[in-house]
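Trainee: I'm new to this one, so could we walk through it together?
Mentor: Sure, let's take it piece by piece.

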Amino acid sequence: MANILIVEDDVDIAQGIAEFLEPKGYQLDFAYNGKQAMSLINTHSYDLVLLDINLPFIDGFDVCRSLLHHQLTTLPVIIMSARGATDDILKGFESGAWDYLVKPFSFAELSARIDVNLNKANLSKVSNANKPSHIFNGVELDANTLIFHFENQAIQLHQVGFDIVAALLNVAPDVVKTKTLHQILWGEDTPDSNPLRAHIYKLRKQFNQAFEQPFITTVKGIGYRFEVL
């Protein structure tokens with residue numbers, strides 16, 4: 001069963017989550033501040049991290065950013081926070097989180113999000129090695145490393161970003177419907193917060209910073225397409 005790190009400075013909340021997850025067979029570790037979380041992640045192997053934002057010493061966003069260039073390619077991080085404003089959710093995904101739950105949330109929703117993200121991570125470990133690289137108009141997306149190449153530059157994507165870009169490249173320059181992307185990313189368990197827009201925003205920001213073009217174009221009312229300017 002999966003090994004999960006719960007990073008939460010409120011002991012009562014951490015205990016409540018633990019009492020719900022332990023009967024399901026998960027192995028649980030706990031961190032109560034950002035420094036402790038980073039130490040545990042760097043010295044232990046986890047299948048998933050549940051991460052609060054408002055932590056002592058180092059906040060959750062910075063904990064997430066510290067993992068962005070290596071572990072987050074395959075380690076799902078679900079942010080849990082009472083901060084539900086759009087800017088906070090976007091910042092969470094920009095920091096590298098795979099998912100974002102706004103407190104208070106139901107344990108049923110937490111369980112569904114854990115299942116979806118663990119399944120995605122496990123499937124990716126098995127299947128990425130057997131997938132070909134994606135190539136389109138000078139863009140190459142490496143399925144083994146999740147690295148995006150264009151014009152002698154490269155950036156690292158994490159699994160959710162890779163899945164979005166791969167889906168768009170598979171049919172480029174045709175449009176992928178929003179509903180199709182939801183199905184690819186979350187199956188029948190699309191979160192109520194609809195994080196797809198936040199993931200697209202993050203990808204465009206990454207691409208603009210590295211390549212001075214967003215690559216992903218919104219087709220209003222339909223979905224998204226991949227374009228090289």
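Trainee: In what order do the strands of the open sheet of 5 strands come?
Mentor: Quick ground rules: this is a predicted model, where local features need pLDDT of at least 70, side-chain atom pairs count only at pLDDT 80 or more, and totals for chains, interfaces and linings use all residues. Residues are numbered from 1 along each chain as its sequence is written, and side-chain values use heavy atoms, leaving out hydrogens and water. Strands (E, at least two residues) and helices (H or I, at least four) are DSSP runs numbered from the N terminus, and two strands pair if DSSP finds at least two bridges between them. Pairing in this open sheet is parallel, and the order is 2-1-3-4-5.

Trainee: Which strands stand at the edges?
Mentor: Look for strands with a single partner, so that one side is left without a neighbour in the sheet. Those are strand 2 (27-31) and strand 5 (99-102).

Trainee: How many bridges join strand 1 to strand 3?
Mentor: Strand 1 covers residues 3-7, strand 3 covers residues 48-52, and they run parallel. Leu-5 stands opposite Val-49 in strand 3. The number of bridges joining the two strands is 4.

Trainee: At about what angle does helix 1 run to strand 1?
Mentor: Axes here are lines fitted to C-alpha atoms, for helices over the stretch in contact, with angles from 0 to 180 degrees between N-to-C directions. Helix 1 (residues 11-21) lies across strand 1, strand 2, strand 3 and strand 4 (77-81). Its angle to strand 1 is about 160 degrees.

Trainee: Which element gives the largest share of the largest nonpolar core?
Mentor: A nonpolar core is a set of buried Ala, Val, Leu, Ile, Met, Phe, Trp, Tyr and Cys residues joined through side-chain atoms within 4.5 Å; buried means under 20% relative accessible area, exposed over 50%, partly exposed in between (1.4 Å probe, protein chains only). This one has 35 residues, and Phe-148, Val-165, Phe-207 and Phe-226 touch the most other members. Elements giving two or more residues include helix 5 (107-127), helix 6 (159-171) and helix 8 (196-211). The largest share, 8 residues, comes from helix 6.

Trainee: How do helix 6 and helix 8 cross, at roughly what angle?
Mentor: Contact means heavy atoms within 4.5 Å, and residues of helix 6 including Ile-164 and Val-165 meet residues of helix 8, among them Leu-203 and Phe-207. The two axes come within 10 Å. Helix 6 is roughly perpendicular to helix 8 (65 to 115 degrees), and they cross at roughly 85 degrees.

Trainee: Which residue does a cis peptide bond join to Lys-103?
Mentor: Most peptide bonds are trans. In this bond, omega is about -5 degrees. The partner sits in the loop between strand 5 and helix 5, and the residue joined to Lys-103 is Pro-104.

Trainee: Is Phe-57 buried or exposed?
Mentor: Phe-57 is found in the loop between strand 3 and helix 3 (60-66). Its phi is near 70 degrees, a positive value in a residue other than glycine. With a relative accessible area of 65%, Phe-57 is exposed.

Trainee: And what is the phi of Asn-137?
Mentor: Asn-137 lies in the loop between strand 6 (134-136) and strand 7, and at 53% relative accessibility it counts as exposed. Asn-137 is not a glycine, yet its phi is positive, at about 45 degrees.

Conventions:
Angles under 35 degrees count as roughly parallel, over 145 as roughly antiparallel, 65 to 115 as roughly perpendicular and the rest as oblique.
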